[in-house]
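User: Please examine the model shown here and answer a series of questions on its contacts.

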Protein chains: 2
Amino acid sequence: MTDPSPSTRDRLLQAGLSLFQEQGFHGTSVAEILTRAKAPKGSLYHHFPDGKSDLARVACRMTSDLMLNIIARAYDPAVDFAEGTARMAEKFARLFERDAHWRACPVQTLLIDGPLDRADGAAMLQTWIDATTVQAERLGQQESDRAARTVWSVLIGSWTLARAQDDPAPLREMTTLLNMPAPTPKEPPR
Amino acid sequence: MTDPSPSTRDRLLQAGLSLFQEQGFHGTSVAEILTRAKAPKGSLYHHFPDGKSDLARVACRMTSDLMLNIIARAYDPAVDFAEGTARMAEKFARLFERDAHWRACPVQTLLIDGPLDRADGAAMLQTWIDATTVQAERLGQQESDRAARTVWSVLIGSWTLARAQDDPAPLREMTTLLNMPAPTPKEPPR
DNA sequence: GCATCTCTGGACCGTTCGGTCAAGTCGTGA
DNA sequence: TCACGACTTGACCGAACGGTCCAGAGATGC
(Lines give C-alpha, C1' and ligand atoms only; values in the text may rest on other atoms or scores of the structure.)
Protein backbone atom coordinates (compact mmCIF):
# COMPACT_ATOMS: atom_id res chain seq x y z
CA MET A 1 0.00 0.00 0.00
CA THR A 2 2.88 2.36 0.77
CA ASP A 3 5.12 1.36 -2.08
CA PRO A 4 8.18 3.38 -2.90
CA SER A 5 8.09 2.62 -6.63
CA PRO A 6 4.73 2.39 -8.36
CA SER A 7 3.29 -1.08 -8.11
CA THR A 8 2.18 -3.03 -11.12
CA ARG A 9 -1.41 -2.29 -10.18
CA ASP A 10 -0.71 1.44 -10.07
CA ARG A 11 1.11 1.36 -13.37
CA LEU A 12 -1.84 -0.42 -14.96
CA LEU A 13 -4.26 2.14 -13.57
CA GLN A 14 -2.16 5.05 -14.72
CA ALA A 15 -1.65 3.58 -18.19
CA GLY A 16 -5.33 2.76 -18.57
CA LEU A 17 -6.46 6.15 -17.35
CA SER A 18 -4.25 8.08 -19.72
CA LEU A 19 -5.09 5.90 -22.70
CA PHE A 20 -8.82 6.09 -22.05
CA GLN A 21 -8.58 9.86 -21.93
CA GLU A 22 -6.56 9.99 -25.11
CA GLN A 23 -8.49 7.47 -27.19
CA GLY A 24 -11.63 6.58 -25.35
CA PHE A 25 -12.51 3.27 -23.78
CA HIS A 26 -13.41 1.33 -26.89
CA GLY A 27 -10.56 2.88 -28.79
CA THR A 28 -8.04 1.44 -26.36
CA SER A 29 -7.00 -2.20 -26.50
CA VAL A 30 -5.84 -4.29 -23.57
CA ALA A 31 -2.55 -4.83 -25.38
CA GLU A 32 -1.91 -1.09 -25.49
CA ILE A 33 -2.52 -0.77 -21.77
CA LEU A 34 -0.13 -3.62 -21.05
CA THR A 35 2.55 -2.13 -23.28
CA ARG A 36 2.35 1.29 -21.65
CA ALA A 37 2.25 -0.20 -18.17
CA LYS A 38 5.05 -2.64 -19.00
CA ALA A 39 3.03 -5.39 -17.41
CA PRO A 40 2.07 -8.87 -18.56
CA LYS A 41 -1.47 -9.92 -19.18
CA GLY A 42 -1.74 -12.16 -16.15
CA SER A 43 -1.08 -9.26 -13.81
CA LEU A 44 -3.95 -7.24 -15.20
CA TYR A 45 -6.41 -10.07 -14.70
CA HIS A 46 -5.00 -10.74 -11.26
CA HIS A 47 -5.54 -7.17 -10.06
CA PHE A 48 -8.69 -6.56 -12.09
CA PRO A 49 -10.51 -9.87 -12.47
CA ASP A 50 -13.09 -8.46 -14.85
CA GLY A 51 -10.41 -7.11 -17.12
CA LYS A 52 -10.55 -3.89 -19.07
CA SER A 53 -13.92 -2.66 -17.86
CA ASP A 54 -12.95 -3.44 -14.28
CA LEU A 55 -9.80 -1.38 -14.57
CA ALA A 56 -11.77 1.41 -16.21
CA ARG A 57 -14.29 1.48 -13.39
CA VAL A 58 -11.56 1.88 -10.81
CA ALA A 59 -9.93 4.55 -12.94
CA CYS A 60 -13.25 6.39 -13.10
CA ARG A 61 -13.50 6.34 -9.31
CA MET A 62 -9.97 7.70 -9.06
CA THR A 63 -10.83 10.49 -11.45
CA SER A 64 -13.94 11.32 -9.49
CA ASP A 65 -11.98 11.50 -6.25
CA LEU A 66 -9.46 13.76 -7.91
CA MET A 67 -12.28 16.03 -9.06
CA LEU A 68 -13.76 16.28 -5.59
CA ASN A 69 -10.29 16.98 -4.27
CA ILE A 70 -9.79 19.79 -6.76
CA ILE A 71 -13.14 21.31 -5.91
CA ALA A 72 -12.31 21.31 -2.22
CA ARG A 73 -8.86 22.79 -2.70
CA ALA A 74 -10.20 25.47 -5.01
CA TYR A 75 -13.13 26.72 -2.94
CA ASP A 76 -11.97 26.06 0.62
CA PRO A 77 -9.64 29.06 0.83
CA ALA A 78 -11.89 31.35 -1.22
CA VAL A 79 -13.82 34.25 0.24
CA ASP A 80 -16.55 34.16 -2.37
CA PHE A 81 -17.82 31.80 -5.05
CA ALA A 82 -16.38 33.76 -7.95
CA GLU A 83 -12.90 33.59 -6.46
CA GLY A 84 -13.18 29.85 -5.88
CA THR A 85 -14.36 29.32 -9.41
CA ALA A 86 -11.45 31.30 -10.77
CA ARG A 87 -9.11 29.18 -8.69
CA MET A 88 -10.67 26.02 -10.02
CA ALA A 89 -10.43 27.17 -13.62
CA GLU A 90 -6.75 27.89 -13.09
CA LYS A 91 -6.21 24.48 -11.55
CA PHE A 92 -7.76 22.81 -14.56
CA ALA A 93 -5.71 24.94 -16.91
CA ARG A 94 -2.55 23.84 -15.10
CA LEU A 95 -3.65 20.22 -15.21
CA PHE A 96 -4.28 20.56 -18.90
CA GLU A 97 -0.83 22.03 -19.46
CA ARG A 98 1.09 19.67 -17.22
CA ASP A 99 0.07 16.26 -18.45
CA ALA A 100 0.12 15.49 -22.11
CA HIS A 101 -2.14 12.62 -21.20
CA TRP A 102 -4.74 14.81 -19.59
CA ARG A 103 -6.48 15.48 -22.78
CA ALA A 104 -10.09 14.49 -22.87
CA CYS A 105 -12.27 15.86 -20.14
CA PRO A 106 -13.04 12.90 -17.90
CA VAL A 107 -16.73 13.72 -18.02
CA GLN A 108 -16.80 13.15 -21.71
CA THR A 109 -14.80 9.98 -21.56
CA LEU A 110 -17.24 8.71 -18.99
CA LEU A 111 -20.38 9.74 -20.77
CA ILE A 112 -19.67 8.97 -24.38
CA ASP A 113 -17.53 5.95 -24.50
CA GLY A 114 -17.13 4.66 -20.99
CA PRO A 115 -17.60 1.29 -19.37
CA LEU A 116 -20.21 2.84 -17.10
CA ASP A 117 -23.70 3.15 -18.45
CA ARG A 118 -25.05 6.63 -18.94
CA ALA A 119 -26.81 6.71 -15.59
CA ASP A 120 -23.67 5.87 -13.63
CA GLY A 121 -21.60 8.44 -15.47
CA ALA A 122 -24.30 11.02 -14.89
CA ALA A 123 -24.41 10.17 -11.18
CA MET A 124 -20.67 10.73 -10.93
CA LEU A 125 -20.93 14.10 -12.62
CA GLN A 126 -23.80 14.99 -10.29
CA THR A 127 -21.49 14.30 -7.34
CA TRP A 128 -19.16 17.01 -8.54
CA ILE A 129 -22.00 19.44 -9.12
CA ASP A 130 -23.35 18.73 -5.66
CA ALA A 131 -19.98 19.33 -4.04
CA THR A 132 -19.79 22.62 -5.90
CA THR A 133 -23.31 23.54 -4.81
CA VAL A 134 -22.37 23.01 -1.18
CA GLN A 135 -19.41 25.31 -1.61
CA ALA A 136 -21.57 27.90 -3.35
CA GLU A 137 -24.02 27.85 -0.46
CA ARG A 138 -21.25 28.11 2.08
CA LEU A 139 -19.86 31.15 0.29
CA GLY A 140 -23.23 32.88 0.18
CA GLN A 141 -23.79 32.49 -3.55
CA GLN A 142 -27.34 33.16 -4.69
CA GLU A 143 -29.06 30.31 -6.52
CA SER A 144 -26.21 28.05 -5.48
CA ASP A 145 -27.52 25.08 -7.43
CA ARG A 146 -27.86 26.91 -10.69
CA ALA A 147 -24.49 28.57 -10.19
CA ALA A 148 -22.81 25.21 -9.68
CA ARG A 149 -24.40 23.74 -12.78
CA THR A 150 -23.33 26.77 -14.75
CA VAL A 151 -19.74 26.39 -13.60
CA TRP A 152 -19.61 22.80 -14.74
CA SER A 153 -21.36 23.48 -17.97
CA VAL A 154 -18.81 26.13 -18.86
CA LEU A 155 -15.93 24.08 -17.53
CA ILE A 156 -16.79 21.10 -19.68
CA GLY A 157 -17.28 23.24 -22.74
CA SER A 158 -14.05 25.13 -22.18
CA TRP A 159 -12.15 21.91 -21.73
CA THR A 160 -13.48 20.58 -24.99
CA LEU A 161 -12.48 23.76 -26.78
CA ALA A 162 -9.09 23.66 -25.12
CA ARG A 163 -8.58 20.12 -26.28
CA ALA A 164 -9.68 20.95 -29.80
CA GLN A 165 -7.32 23.88 -30.04
CA ASP A 166 -4.61 22.16 -28.01
CA ASP A 167 -4.38 25.28 -25.89
CA PRO A 168 -5.54 25.88 -22.31
CA ALA A 169 -6.62 29.45 -23.09
CA PRO A 170 -10.38 28.69 -23.12
CA LEU A 171 -10.08 27.38 -19.58
CA ARG A 172 -8.43 30.61 -18.47
CA GLU A 173 -11.04 32.69 -20.27
CA MET A 174 -13.73 31.03 -18.17
CA THR A 175 -13.15 33.57 -15.43
CA THR A 176 -13.96 36.54 -17.60
CA LEU A 177 -16.75 34.62 -19.27
CA LEU A 178 -18.48 33.99 -15.99
CA ASN A 179 -19.18 37.53 -14.98
CA MET A 180 -21.48 35.86 -12.58
CA PRO A 181 -24.77 37.36 -11.40
CA ALA A 182 -22.94 37.25 -8.10
CA PRO A 183 -23.89 38.70 -4.75
CA THR A 184 -20.35 39.99 -4.54
CA PRO A 185 -19.95 41.71 -7.89
CA LYS A 186 -16.49 42.52 -9.13
CA GLU A 187 -17.16 46.19 -9.73
CA PRO A 188 -18.70 47.34 -6.43
CA PRO A 189 -22.14 48.71 -7.26
CA ARG A 190 -21.93 51.42 -4.64
CA MET B 1 -30.42 11.77 -56.00
CA THR B 2 -34.08 12.69 -55.67
CA ASP B 3 -35.25 9.40 -54.28
CA PRO B 4 -38.71 9.04 -52.87
CA SER B 5 -37.73 6.35 -50.32
CA PRO B 6 -34.37 6.59 -48.63
CA SER B 7 -31.71 4.87 -50.65
CA THR B 8 -29.43 2.26 -49.19
CA ARG B 9 -26.67 4.81 -49.05
CA ASP B 10 -28.86 7.21 -47.09
CA ARG B 11 -29.98 4.50 -44.71
CA LEU B 12 -26.37 3.56 -44.07
CA LEU B 13 -25.43 7.17 -43.39
CA GLN B 14 -28.37 7.68 -41.07
CA ALA B 15 -27.72 4.48 -39.18
CA GLY B 16 -24.03 5.19 -38.85
CA LEU B 17 -24.56 8.76 -37.73
CA SER B 18 -27.02 7.86 -35.02
CA LEU B 19 -24.95 4.96 -33.75
CA PHE B 20 -21.76 6.99 -33.65
CA GLN B 21 -23.53 9.63 -31.62
CA GLU B 22 -24.96 7.06 -29.26
CA GLN B 23 -21.92 4.86 -28.77
CA GLY B 24 -18.95 6.59 -30.33
CA PHE B 25 -17.02 5.51 -33.38
CA HIS B 26 -15.00 2.71 -31.86
CA GLY B 27 -17.95 1.54 -29.82
CA THR B 28 -19.97 0.91 -32.96
CA SER B 29 -19.38 -2.17 -35.10
CA VAL B 30 -19.99 -2.43 -38.80
CA ALA B 31 -22.45 -5.22 -38.10
CA GLU B 32 -24.56 -2.91 -35.94
CA ILE B 33 -24.66 -0.30 -38.67
CA LEU B 34 -25.75 -2.88 -41.21
CA THR B 35 -28.45 -4.22 -38.93
CA ARG B 36 -29.90 -0.78 -38.26
CA ALA B 37 -29.69 0.18 -41.92
CA LYS B 38 -31.09 -3.18 -43.01
CA ALA B 39 -28.34 -3.41 -45.57
CA PRO B 40 -25.87 -6.15 -46.43
CA LYS B 41 -22.17 -5.73 -46.04
CA GLY B 42 -21.36 -5.42 -49.70
CA SER B 43 -23.56 -2.37 -50.10
CA LEU B 44 -21.63 -0.52 -47.46
CA TYR B 45 -18.33 -1.19 -49.19
CA HIS B 46 -19.82 -0.29 -52.51
CA HIS B 47 -20.96 3.15 -51.37
CA PHE B 48 -18.09 3.72 -48.95
CA PRO B 49 -15.04 1.89 -50.31
CA ASP B 50 -12.94 2.57 -47.22
CA GLY B 51 -15.60 1.14 -44.97
CA LYS B 52 -16.53 2.35 -41.54
CA SER B 53 -14.17 5.30 -41.35
CA ASP B 54 -15.21 6.41 -44.82
CA LEU B 55 -18.85 6.41 -43.83
CA ALA B 56 -17.98 8.25 -40.64
CA ARG B 57 -16.13 10.96 -42.53
CA VAL B 58 -19.12 11.59 -44.76
CA ALA B 59 -21.38 11.59 -41.72
CA CYS B 60 -19.11 14.17 -40.09
CA ARG B 61 -19.39 16.40 -43.11
CA MET B 62 -23.15 16.07 -43.03
CA THR B 63 -23.18 17.03 -39.38
CA SER B 64 -20.98 20.00 -40.05
CA ASP B 65 -23.26 21.20 -42.83
CA LEU B 66 -26.22 20.84 -40.53
CA MET B 67 -24.46 22.92 -37.92
CA LEU B 68 -23.68 25.70 -40.37
CA ASN B 69 -27.28 25.56 -41.49
CA ILE B 70 -28.54 25.91 -37.94
CA ILE B 71 -26.22 28.84 -37.28
CA ALA B 72 -27.49 30.63 -40.37
CA ARG B 73 -31.15 29.99 -39.60
CA ALA B 74 -30.69 31.11 -36.00
CA TYR B 75 -28.83 34.37 -36.55
CA ASP B 76 -30.11 35.50 -39.95
CA PRO B 77 -33.47 36.79 -38.70
CA ALA B 78 -32.06 38.14 -35.42
CA VAL B 79 -31.69 41.84 -34.66
CA ASP B 80 -28.84 41.37 -32.24
CA PHE B 81 -26.37 38.67 -31.29
CA ALA B 82 -28.06 37.78 -28.01
CA GLU B 83 -31.34 37.12 -29.77
CA GLY B 84 -29.66 34.93 -32.36
CA THR B 85 -27.89 32.98 -29.66
CA ALA B 86 -31.13 32.42 -27.82
CA ARG B 87 -32.67 31.18 -31.05
CA MET B 88 -29.81 28.80 -31.59
CA ALA B 89 -30.00 27.43 -28.06
CA GLU B 90 -33.67 26.77 -28.55
CA LYS B 91 -33.00 25.02 -31.85
CA PHE B 92 -30.51 22.72 -30.19
CA ALA B 93 -32.89 22.04 -27.33
CA ARG B 94 -35.56 21.04 -29.87
CA LEU B 95 -33.11 18.88 -31.74
CA PHE B 96 -32.16 17.22 -28.49
CA GLU B 97 -35.78 16.53 -27.65
CA ARG B 98 -36.84 15.39 -31.07
CA ASP B 99 -34.43 12.67 -31.95
CA ALA B 100 -33.63 9.96 -29.49
CA HIS B 101 -30.54 9.41 -31.59
CA TRP B 102 -29.32 12.93 -31.22
CA ARG B 103 -27.60 12.29 -28.01
CA ALA B 104 -23.91 12.96 -28.00
CA CYS B 105 -22.85 16.39 -29.13
CA PRO B 106 -21.28 15.88 -32.54
CA VAL B 107 -18.26 17.89 -31.48
CA GLN B 108 -17.44 15.41 -28.80
CA THR B 109 -17.98 12.43 -31.01
CA LEU B 110 -15.60 13.99 -33.47
CA LEU B 111 -12.94 14.98 -31.01
CA ILE B 112 -12.79 12.07 -28.62
CA ASP B 113 -13.46 9.01 -30.59
CA GLY B 114 -13.79 9.98 -34.19
CA PRO B 115 -12.25 8.72 -37.39
CA LEU B 116 -10.83 12.20 -37.97
CA ASP B 117 -7.61 13.04 -36.25
CA ARG B 118 -7.72 15.76 -33.65
CA ALA B 119 -6.64 18.47 -36.06
CA ASP B 120 -9.42 17.72 -38.56
CA GLY B 121 -12.05 17.65 -35.85
CA ALA B 122 -10.74 20.91 -34.48
CA ALA B 123 -10.81 22.49 -37.94
CA MET B 124 -14.46 21.51 -38.35
CA LEU B 125 -15.35 23.02 -34.99
CA GLN B 126 -13.43 26.15 -35.97
CA THR B 127 -15.64 26.43 -39.05
CA TRP B 128 -18.69 26.72 -36.84
CA ILE B 129 -17.03 29.26 -34.57
CA ASP B 130 -15.99 31.30 -37.59
CA ALA B 131 -19.51 31.29 -38.99
CA THR B 132 -20.76 32.47 -35.62
CA THR B 133 -18.11 35.18 -35.49
CA VAL B 134 -19.23 36.52 -38.84
CA GLN B 135 -22.78 36.70 -37.57
CA ALA B 136 -21.64 38.40 -34.37
CA GLU B 137 -19.81 41.03 -36.39
CA ARG B 138 -22.77 41.56 -38.67
CA LEU B 139 -24.99 42.09 -35.64
CA GLY B 140 -22.65 44.63 -34.09
CA GLN B 141 -21.46 42.43 -31.25
CA GLN B 142 -18.37 43.69 -29.48
CA GLU B 143 -15.41 41.31 -29.41
CA SER B 144 -17.21 39.16 -31.92
CA ASP B 145 -14.56 36.46 -31.90
CA ARG B 146 -14.54 36.00 -28.17
CA ALA B 147 -18.33 36.10 -28.09
CA ALA B 148 -18.55 33.33 -30.66
CA ARG B 149 -16.11 31.15 -28.80
CA THR B 150 -18.04 31.73 -25.62
CA VAL B 151 -21.27 30.66 -27.25
CA TRP B 152 -19.78 27.39 -28.44
CA SER B 153 -18.04 26.72 -25.19
CA VAL B 154 -21.28 27.06 -23.29
CA LEU B 155 -23.23 25.21 -25.96
CA ILE B 156 -20.96 22.21 -25.82
CA GLY B 157 -20.96 22.14 -22.06
CA SER B 158 -24.72 22.50 -21.86
CA TRP B 159 -25.21 19.73 -24.35
CA THR B 160 -23.01 17.41 -22.31
CA LEU B 161 -24.96 18.23 -19.17
CA ALA B 162 -28.21 17.75 -21.02
CA ARG B 163 -27.10 14.37 -22.22
CA ALA B 164 -25.95 13.34 -18.75
CA GLN B 165 -29.24 14.34 -17.18
CA ASP B 166 -31.28 13.21 -20.17
CA ASP B 167 -33.02 16.57 -20.09
CA PRO B 168 -32.70 19.53 -22.48
CA ALA B 169 -33.05 22.04 -19.64
CA PRO B 170 -29.36 23.00 -19.53
CA LEU B 171 -29.57 24.00 -23.19
CA ARG B 172 -32.52 26.26 -22.44
CA GLU B 173 -30.74 27.75 -19.42
CA MET B 174 -27.96 28.89 -21.73
CA THR B 175 -29.88 32.02 -22.52
CA THR B 176 -30.05 33.18 -18.95
CA LEU B 177 -26.52 32.02 -18.34
CA LEU B 178 -25.16 34.17 -21.13
CA ASN B 179 -26.10 37.54 -19.80
CA MET B 180 -23.72 38.71 -22.40
CA PRO B 181 -21.64 41.85 -22.02
CA ALA B 182 -23.63 42.91 -25.02
CA PRO B 183 -23.81 46.28 -26.71
CA THR B 184 -27.49 45.65 -27.34
CA PRO B 185 -28.89 44.65 -23.97
CA LYS B 186 -31.78 42.24 -23.80
CA GLU B 187 -34.32 44.65 -22.33
CA PRO B 188 -35.10 46.89 -25.31
CA PRO B 189 -33.57 50.27 -24.55
CA ARG B 190 -36.35 52.15 -26.27
C1' DG C 1 14.11 -26.64 4.44
C1' DC C 2 9.63 -26.41 3.29
C1' DA C 3 4.79 -25.09 2.78
C1' DT C 4 2.06 -21.40 1.39
C1' DC C 5 0.51 -17.46 -0.74
C1' DT C 6 0.74 -13.45 -3.80
C1' DC C 7 1.95 -11.92 -7.99
C1' DT C 8 4.23 -12.44 -12.63
C1' DG C 9 4.79 -14.22 -17.15
C1' DG C 10 3.15 -15.56 -21.54
C1' DA C 11 1.17 -19.33 -24.41
C1' DC C 12 -3.19 -20.21 -25.84
C1' DC C 13 -8.32 -19.92 -27.01
C1' DG C 14 -12.80 -18.81 -29.05
C1' DT C 15 -15.07 -14.82 -30.76
C1' DT C 16 -15.73 -10.84 -33.20
C1' DC C 17 -13.78 -7.54 -35.84
C1' DG C 18 -13.30 -4.81 -40.38
C1' DG C 19 -12.81 -5.93 -44.91
C1' DT C 20 -12.84 -8.82 -49.56
C1' DC C 21 -14.89 -11.00 -53.26
C1' DA C 22 -17.45 -13.38 -56.77
C1' DA C 23 -21.94 -14.25 -58.01
C1' DG C 24 -26.32 -12.41 -58.85
C1' DT C 25 -30.28 -8.92 -59.62
C1' DC C 26 -32.18 -5.12 -61.80
C1' DG C 27 -33.02 -1.17 -64.75
C1' DT C 28 -31.83 1.08 -68.96
C1' DG C 29 -30.29 2.22 -73.61
C1' DA C 30 -29.08 0.35 -78.16
C1' DT D 1 -33.30 -8.99 -76.95
C1' DC D 2 -29.16 -8.44 -75.34
C1' DA D 3 -25.23 -6.08 -73.23
C1' DC D 4 -23.74 -3.35 -69.68
C1' DG D 5 -23.17 -0.70 -65.61
C1' DA D 6 -24.98 0.16 -60.98
C1' DC D 7 -26.07 -1.88 -57.10
C1' DT D 8 -27.08 -5.91 -53.86
C1' DT D 9 -26.08 -10.13 -51.40
C1' DG D 10 -23.85 -13.00 -48.02
C1' DA D 11 -20.16 -16.44 -47.64
C1' DC D 12 -15.64 -16.06 -46.49
C1' DC D 13 -10.99 -14.37 -44.64
C1' DG D 14 -6.96 -13.17 -41.72
C1' DA D 15 -6.07 -10.28 -37.92
C1' DA D 16 -6.90 -8.50 -33.62
C1' DC D 17 -9.65 -8.69 -29.85
C1' DG D 18 -10.66 -9.68 -24.70
C1' DG D 19 -10.14 -13.25 -21.70
C1' DT D 20 -8.33 -17.95 -19.60
C1' DC D 21 -5.06 -20.75 -17.65
C1' DC D 22 -1.18 -22.60 -15.47
C1' DA D 23 3.68 -22.88 -14.55
C1' DG D 24 6.86 -20.56 -11.87
C1' DA D 25 9.23 -16.64 -9.31
C1' DG D 26 9.67 -14.43 -4.94
C1' DA D 27 8.53 -13.32 -0.37
C1' DT D 28 6.99 -14.87 4.23
C1' DG D 29 6.02 -17.74 8.31
C1' DC D 30 7.04 -21.91 10.62
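The exchange below treats the predicted model, beginning with the protein interface and then turning to the DNA strands.

User: How many residues does each chain bring to the contact of chain A and chain B, and what area do they bury between them?
Analyst: The size of an interface is often given as the accessible area lost when the parts come together. Chain A contributes 33 residues to the contact and chain B contributes 34 residues. Carbon and sulfur atoms account for 58% of the area buried between chain A and chain B, which is about 3000 Å².

User: Which helix of chain A supplies the largest share of the side that touches chain B?
Analyst: On that side of chain A, α1 (8-23), α6 (106-113), α7 (118-138), α8 (144-165) and α9 (169-177) each supply at least two residues. The largest share amounts to 13 residues, and the helix that provides it is α8(A).

User: How do the residues on the side of chain A that touches chain B divide into nonpolar, polar and charged?
Analyst: Glycine is counted with the polar residues in this division. The residues of chain A that touch chain B comprise eleven nonpolar, 14 polar and eight charged.

User: Which side chains of chain A and chain B meet in a salt bridge, and at what N to O distance?
Analyst: Side chains of opposite charge can pair when their charged atoms come close. Between chain A and chain B the count is two salt bridges, and four residue pairs are in polar contact across the interface, both residues at pLDDT 80 or more. One of the salt bridges joins Glu173(A) and Arg149(B), with an N to O distance of 2.9 Å.

User: Which parts of chain A are linked by the salt bridge of Glu22(A), and how far apart in the chain are the two residues?
Analyst: Over all chains the count comes to 18 salt bridges. In one of them the side chain of Glu22(A) meets that of Arg36(A) at 3.1 Å, N to O. Glu22(A) lies in helix α1 of chain A and Arg36(A) in helix α2 (residues 30-37), so the pair links distant parts of the chain, 14 residues apart.

User: What share of the annotated "DNA-binding region" of chain A is helix?
Analyst: The annotation comes from an unreviewed UniProt entry and covers residues 29-48 of chain A. Over residues 29-48 of chain A the end C-alpha atoms are 15 Å apart, the strand content is 0%, and the helix content is 75%.

User: Which helix supplies the largest share of the surface near DNA strand C?
Analyst: DNA strand C is surrounded by 16 residues, and the closest are Thr8(A), Gly42(A), His47(A), Val30(B) and Lys41(B). Two helices, α3 (41-47) of chain A and α3 (41-47) of chain B, each supply at least two residues of this surface. The largest share is five residues, and it comes from α3(A).

User: At what distance does a polar side-chain atom of His47(A) lie from a phosphate oxygen of DNA strand C?
Analyst: Sugar or phosphate accounts for 51% of the atoms of DNA strand C within 4 Å of the protein, and the rest belong to bases. A backbone N or O atom of Thr28(B) lies 3.5 Å from a phosphate oxygen of this strand. A polar side-chain atom of His46(A) lies 3.0 Å from a phosphate oxygen of DNA strand C, and for His47(A) the distance is 2.9 Å.

User: Which helix supplies the largest share of the surface near DNA strand D?
Analyst: Here 15 residues surround the strand, the closest being Lys41(A), Thr8(B), Gly42(B), Ser43(B) and His47(B). The surface near DNA strand D divides into three nonpolar, eight polar and four charged residues. Its largest share, five residues, comes from α3(B).

User: How far from a phosphate oxygen of DNA strand D does a polar side-chain atom of His47(B) lie?
Analyst: From chain A, an N or O atom in the side chain of Tyr45(A) is 3.0 Å from a phosphate oxygen of DNA strand D. From chain B, a side-chain N or O atom of His46(B) is 3.4 Å from a phosphate oxygen of the strand. For His47(B), the distance from a polar side-chain atom to a phosphate oxygen of DNA strand D is 2.7 Å.

How values were computed:
Residues are numbered from 1 along each chain as its sequence is written. Chains are lettered from A and ligands numbered from 1 in the order in which they are written. This is a predicted model: local features need pLDDT of at least 70, side-chain atom pairs count only at pLDDT 80 or more; totals for chains, interfaces and linings use all residues. Side-chain values use heavy atoms; hydrogens and water are left out. Contact means heavy atoms within 4.5 Å. Buried area is the accessible area (1.4 Å probe) that two parts lose on being put together, summed over both. A salt bridge is a side-chain nitrogen of Lys or Arg within 4 Å of a carboxyl oxygen of Asp or Glu. A polar contact is a pair of N or O atoms within 3.5 Å; within protein, one must be able to donate a hydrogen and the other to accept it, and residues adjacent in sequence count only if both atoms are side-chain atoms. Helices (H or I, at least four residues) and strands (E, at least two) are DSSP runs, numbered from the N terminus. UniProt positions are given in the numbering used here, feature names are shortened, and annotations may be inferred rather than shown by experiment. A residue is near a molecule or strand if one of its heavy atoms lies within 4 Å of it.
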